[in-house]
Amino acid sequence: MLKLKSIIKSFNDGESNLEVLRGVSLELVAGESLALLGASGNGKSTLLQIAAGLETPDAGEVLILGRSLATLGERELAQLRRRHLGFVFQQFNLLPGLNVNDNLLFQRRLNQQSDHDDWTDEIIDVLRLAPLLHRPVEVLSSGQQQRVAIARALAHKPKVLFADEPTGNLHDSLSHQVMTLMVKLVAESACSLLLVTHNLEMASFANRRLLLEDGQLHKVV
Ligand SMILES: Nc1ncnc2c1ncn2[C@@H]1O[C@H](COP(=O)(O)OP(=O)(O)OP(=O)(O)O)[C@@H](O)[C@H]1O
Ligand SMILES: [Mg+2]
């Protein structure tokens, strides 16, 4: 489903070169979830962005559903992302000018999926979005925005789901319900989940845990 081979990434600000990823490899099969732990600034979001084709690595290869991202054109990559990937961004990245409902259904509509089915009903229910559906996303609190961001990433039933600190602004019991919902998607639609969290309890929902440190992945003992 998702394969990263020897990913290398540095950022250069003109004065210094920051090596963020120094040869990161991982594989996620269908129905598997992986939690990525690591201190702030260790490159977790960078790794997620590269894995989702939103950022290009300096070296190494990313394969999603057996296709090497470097071989895809802009259009093919956009299509792959739209149909098969879901992304919960750390900064939410909701679509301004649209209300909660239109944000939630955005990818489903692009994919010509129906507006509502049992899955969207369940997402709206678990994330308590019913009272918010017609509100513009600009006026929402950060916890509300986070719930919409999670709903939007899940609604089209992606094959690979990337979630960057998805429960950071949510209280404990809602965090548990959100993780349960994600794990359900993973199990029921043989999706793969790459989850970034610094919360060990949230990480325990995943099948595996790895620590990103010094640009490399380490087993969590
Ligand atoms: N576009 C960029 N240009 C320059 N430096 C960047 C860029 N993106 C990330 N960095 C740097 O790369 C390092 C890793 O950033 P990243 O956002 O991946 O960390 P993170 O592990 O997600 O941290 P956090 O837990 O705080 O979200 C940081 O030092 C950051 O400043
Ligand atoms: Mg981050």
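This report walks through a predicted model of a protein with a ligand, looking at confidence, two sheets and the ligand's surroundings.

## How confident is the model?

Let's begin with the confidence score, pLDDT. Its mean over the protein is 95, and 100% of the residues reach 70 or more.

The score does vary along the chain. Strand 4 (residues 59–64) has the highest confidence, at 98. Helix 6 (residues 172–188) has the lowest, with a mean of 90. As a rule, where pLDDT is low, the predicted coordinates should not be read in detail.

## The sheet of six strands

Now find the open sheet made of six strands. Going across it, the order is 6-7-8-3-9-10, and the pairing is mixed. Strand 6 (85–88) and strand 10 (216–219) are at the edges with a single partner strand each, so one side of each has no neighbour in the sheet. On average, neighbouring strands here are turned by 20 degrees against each other, ignoring direction.

For a closer look, try strand 3 (residues 33–37) and strand 8 (residues 192–196). These two run parallel and are joined by four bridges. Within this pair, alanine 35 has leucine 195 of strand 8 as its bridge partner. A helix also belongs in this picture: helix 5 (residues 142–154) lies across strand 6 and strand 7 (160–164), and runs at about 170 degrees to strand 6.

## The sheet of four strands

A second place to visit is an open sheet of four strands, ordered 2-1-4-5, whose pairing is antiparallel. Its edges are strand 2 and strand 5 (67–68); each has a single partner strand, so one side of each is left without a neighbour in the sheet.

Strand 1 (residues 2–12) and strand 4 run antiparallel, with five bridges between them. Here you can spot leucine 2 standing opposite isoleucine 64 in strand 4. Helix 1 packs on this sheet and touches strand 1, strand 2 and strand 4. The direction of helix 1 makes about 125 degrees with that of strand 1.

## Around the ligand

Which residues surround ligand 1? They are Phe11, Leu18, Val20, Gly38, Ser40, Gly41, Asn42, Gly43, Lys44, Ser45, Thr46 and Gln90. Strand 2 (17–28) and helix 1 (44–51) are the elements that each give two or more residues to this shell. Helix 1 provides the largest share, three residues.

You can also sort the shell by class: eight residues are polar, three are nonpolar and one is charged. Helix 1 therefore appears twice in our tour, as it packs on the four-stranded sheet and also contributes to the shell around ligand 1.

Methods:
Residues numbered from 1 in each chain as written. Chains lettered and ligands numbered in written order. Predicted model: local features only at pLDDT ≥ 70, side-chain atom pairs only at ≥ 80, totals over all residues. Near = placed C-beta within 6 Å. Nonpolar A, V, L, I, M, F, W, Y, C, P; charged D, E, K, R; others polar. pLDDT = per-residue confidence, 0-100. Pairing = 2+ DSSP bridges. Axes fitted to C-alpha atoms, helices over the stretch in contact; angles between N-to-C directions. Contact = placed C-beta atoms within 7 Å.
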